[in-house]
Structures are given as structure tokens and as C-alpha cells.
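Subject: The structure, and what turned up in it

Hello,

Here is the structure I promised to pass on. Have a look at it first, and then read on for my notes.

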Amino acid sequence: MLEQLPDNLPGLRDEIDQLDSKIQQLINQRALCAEKVGEVKMKAGEDPLFYRPEREAQVLRRVMERNDGPVGNEQMARLFREVMSVCLALEEPMKIAFLGPEGTFTQQASLKHFGNSIISKPLPAIDEVFREVEAGGANYGVVPVENSTEGVVNHTLDTFVKSPLKICGEVELRIHHHFMVPESLKNQIGTIKRIYSHQQSLAQCREWLDRRFPGVERHAVGSNAEAAKIASERDDAAAIGGEMAATQYGLAIHASNIEDEPDNTTRFLIIGRETVLSSGKDKTSLLISAENRPGALFGMLEAFARKGLDLSRIESRPSRQGNWNYVFFLDVLAHNDDPAMQAVLEEFATKPMLVKVLGSYPIAVL
Ligand SMILES: C=C(O[C@@H]1C=C(C(=O)O)C=C[C@H]1O)C(=O)O
């Protein structure tokens, strides 16, 4: 097909116009199918599940597998991510609660995972995101869980101990921090007295700040977006945050990508009320509390090894029930329905330990 392309501008633009018209028709045909899927789901059950994470992951993986360019695999998957988002919204627009305010990295993660055709519900704290989903005010929630430089977000892990919610997905986001100032300070960087940001972001940019702004006060606030808002209202302050926060509050970016680790990444979890079926490439998150005796942790890990199950993460947190008792958060690279997983869980059920399956979900595609 490529050889048949004209080599003049009007001819090429005519070709693009014709292709656009075909793509548009096809997108609408796809949307009609999705609408019909919505009707079928409505007929089938009382509380229909419109959003199906396992199916979406399979669609995106297939897009990447069959892609032969010149558009890159990830770019192509991102386009399909948006198409699916629009299709799902025709069935039912998803209400997504996230750690706000508008402009946070968590909002960016929610858009990366669900696409832009959602109803956004920014909330001021992680437990409020959990509560909103538990109460049915939102279909799903998005919360940060770990950062490659700064480690786990303890608050999120601790909230899982008591919550009935399930993990339905994960999103990874490369985190780039920018040093942003009000337009009026753009040429007077030397007059900056205070720098605002979230505590994790200040930590992720510590070396840069020590080098460039030694001695300038650093203030930790609830989110980068809040930091940007404060800086926009003062005439002596800068903020550190992502591009969305700068745009949201009209700040100028003075220095980009100031994070100390170039591959600084944050992982977020999608939380919901339903369990997710197997997509073929899944992860299961478990919360395990074992008896405090020698070999308890070894025995637990050995059971996974014996069944050939891969652990991608293990985190320990104080259980808050007596000193020196711990709970472990584990990610296993298998779905809960996997016979090997079932065997391990059955084995644990016979032992003095507490196991809670926090959810099985597709390994992040994008
Ligand atoms: C169309 C469906 O519903 C939703 C929309 C999807 C899509 O546009 O491909 C995929 C999964 C669901 O989130 C479906 O379940 O197949």
C-alpha cells in the first residue's frame, strides 16, 4: 500500500482524508457493538459489570502483538485505550475517585488506566477514596502504592487491612518533577523564599534541591497540586510537581525533570468492589499474617517456591495488634484461579496464619 501513495501534498492529503473517513466509520461501528454489549449485560444480570479489566487488557495486548508500525506499540495501544474508554462510556461512564486535587500524579494515573472518557472524582485523602468506592459513590478508585525511589505508601497498605475492596488493576507512571514558579517570578528565581511540594516529591528531588537551592525553606503539603496552588497565590514561593499541576495553576516551568533518579516510577492500584477474571497474564496481591515463630516466613515463601510461583514483591508492615507482629503484603505472578495458587492457599488454610486475597488483576499493559 505504501508504494501506491502519491508524492505530492494535495494527493497525500486527499489520501489522509479518505482514510480518516474510514477510520471514523469503523470507530462508530465498534461503538455500536459496545453499546450492544451494554444492552446484553443489562439483560443478563441485575448489577451488570460494564467495565471488564481482563478483557481490556487482552484487547490492548493483542493491539501491541499484531502491530507492525510505523506507529510504535505503546502509542498504538494508547490510541486504542482512548477508543475503548469512549466505547465503555457509551455503555456506562465510569466514576473514578482518586487522590486529588485535580492535577495530581494519581489523576494522571487514572487517565492512563481508564482513558479520558470518565467522570473524575478528586478526593483529599487515600481513605476517602476507599470510602467513596465502598459506599458506591464511585465505580473505582485510584491510589498510589509504591515509588521506586521512596518505597511504599504505607497509608495505602494499612488501609487494605480493613477494607473489603478488591484490587482490580495496577498502573505504572514515570514520574517527572518540574520546578515551577508564578510568571512574576520567572526572572527573579533568586528571590524565592519557600518551596512547596508533597513530602515524597521533595525526597525524590533532594539532591537537586541541595545543589540549586541550599538553605531555602522546604514545605511538605498534602499533594503537588496543592503545592502548585499555594505557589500561585504567593509572590515568594515555588512548587515542585508534574506538568498537570503547572498547567492547572498557571505556573511557569523553570527547570524540568529535576528528580534525582532518572527512572523514577510510581505504581498505583485500581480498587473496586468486584473480583476480576483471568486475563492470561495476571498478578495476585495477598495480605498474610503469620505466627511469630522461627521459620514462619521461610515456610510461607517455601510454599510458593515449591509450586513454581513467582513473587514480584514482599513488604512487611506492623500489624498494630501487639508489638513485633507483622503482616506481609505479597504480589504473586499468577491469578487466584490458577491451580498452583489454589494449592498454596489450601495449604495455608491448614496453618495458624491469616490470609486475605486483596485481588487478582491483569499485569499493567501500558
Ligand atoms: C465492550 C465491552 O465492555 C467494555 C468495553 C470494552 C471495549 O470497548 O473493548 C472492553 C471491555 C469493557 O470494559 C466488553 O465487555 O466486551
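A good place to begin is a pair of helices, where α2 passes α3 in a right-handed crossing. Helix α2 covers residues 53-66 and helix α3 covers residues 73-91; their axes come within 9 Å and cross at roughly 145°. On the α2 side, the residues that meet α3 are Glu56, Val59, Leu60, Val63 and Met64, and their partners in α3 are Asn73, Met76, Ala77, Phe80, Arg81 and Met84. Sorted by class, this contact has eight nonpolar residues, one polar and two charged. Please keep in mind throughout that this is a predicted model.

The loop between α2 and α3 holds Pro70. The peptide bond that joins Gly69 to Pro70 is cis, with omega at about 5°.

Now for the ligand. Which residues lie around the ligand? They are Ala34, Val37, Tyr51, Arg52, Arg55, Glu56, Val59, Met84, Cys87, Leu88 and Glu91. Helices α1 (9-44), α2 and α3 each give at least two residues to this shell, and the largest share, four residues, comes from α3. By class, the shell around the ligand has seven nonpolar residues, no polar ones and four charged ones.

Met84 deserves a closer look. This residue sits in helix α3, and it belongs to the shell around the ligand and to the contact between α2 and α3. Is Met84 buried or exposed? Met84 is buried, because 21 other C-beta atoms lie within 10 Å and 20 are enough to count as buried. Leaving out residues up to four places away in sequence, Met84 touches Glu56, Val59 and Gly115. Leu60 is 24 residues from Met84 in sequence, and the two C-alpha atoms are 9.5 Å apart in space.

Gly115, one of those contacts of Met84, follows helix α4 and has a positive phi, near 80°. Nine of the 10 residues of α4 (residues 105-114) are buried, so this helix is largely enclosed by the rest of the structure. The buried ones are Phe105, Thr106, Gln107, Gln108, Ala109, Ser110, Leu111, His113 and Phe114. Ahead of α4, Pro101 lies in the loop between β1 (95-99) and α4. The peptide bond from Gly100 to Pro101 is also cis, with omega near 0°.

Helix α9 (residues 224-233) gives a similar picture: seven of its 10 residues are buried, so it too is largely enclosed by the rest of the structure. Those residues are Asn224, Ala225, Glu226, Ala227, Ala228, Lys229 and Ala231.

Next, the cores. The largest nonpolar core has 50 residues, and those touching the most other members are Ile96, Val129, Val133, Tyr140, Val143, Phe268 and Ile271. Strand β14 (residues 326-332) gives this core its largest share, five residues. Apart from this core lies another of 21 residues, including Val181, Ile192, Ala231 and Ala238. If you want to follow one residue of the largest core, try Ile271: beyond its neighbours within four places in sequence, Ile271 is in contact with Phe130, Val133, Tyr140, Gly141, Val143, Leu165, Lys166, Ile167 and Cys168.

There is a second helix pair to show you. Helix α5 (residues 126-134) packs with helix α6 (residues 154-162) at an angle of about 35°, and their axes are 9 Å apart. Here, too, the crossing is right-handed. Ile126, Asp127 and Phe130 of α5 make the contact with His155, Thr156 and Thr159 of α6. That contact has two nonpolar, three polar and one charged residues.

One backbone detail remains. Most residues other than glycine have a negative phi. Asn257, which is not a glycine, has a positive phi of about 50°. Asn257 lies in the loop between β10 (252-255) and β11 (265-272), and it counts as partly exposed because it has 15 C-beta neighbours inside 10 Å.

Finally, the chain as a whole. The chain has 12 helices and 15 strands, and its C-alpha trace spans about 75 × 60 × 40 Å along the principal axes. Of its 366 residues, 36% are buried. Among contacts with a separation of 6 or more, 73% are between residues 24 or more positions apart.

Best wishes

How values were computed: Residues numbered from 1 in each chain as written. Predicted model: local features only at pLDDT ≥ 70, side-chain atom pairs only at ≥ 80, totals over all residues. Core = buried A, V, L, I, M, F, W, Y, C linked by C-beta atoms within 7 Å. Buried ≥ 20, exposed ≤ 12 C-beta atoms within 10 Å, placed from the backbone. Contact = placed C-beta atoms within 7 Å. Axes fitted to C-alpha atoms, helices over the stretch in contact; angles between N-to-C directions. Left-handed = near helix turned anticlockwise from the far one by under 90°. Nonpolar A, V, L, I, M, F, W, Y, C, P; charged D, E, K, R; others polar. Near = placed C-beta within 6 Å.
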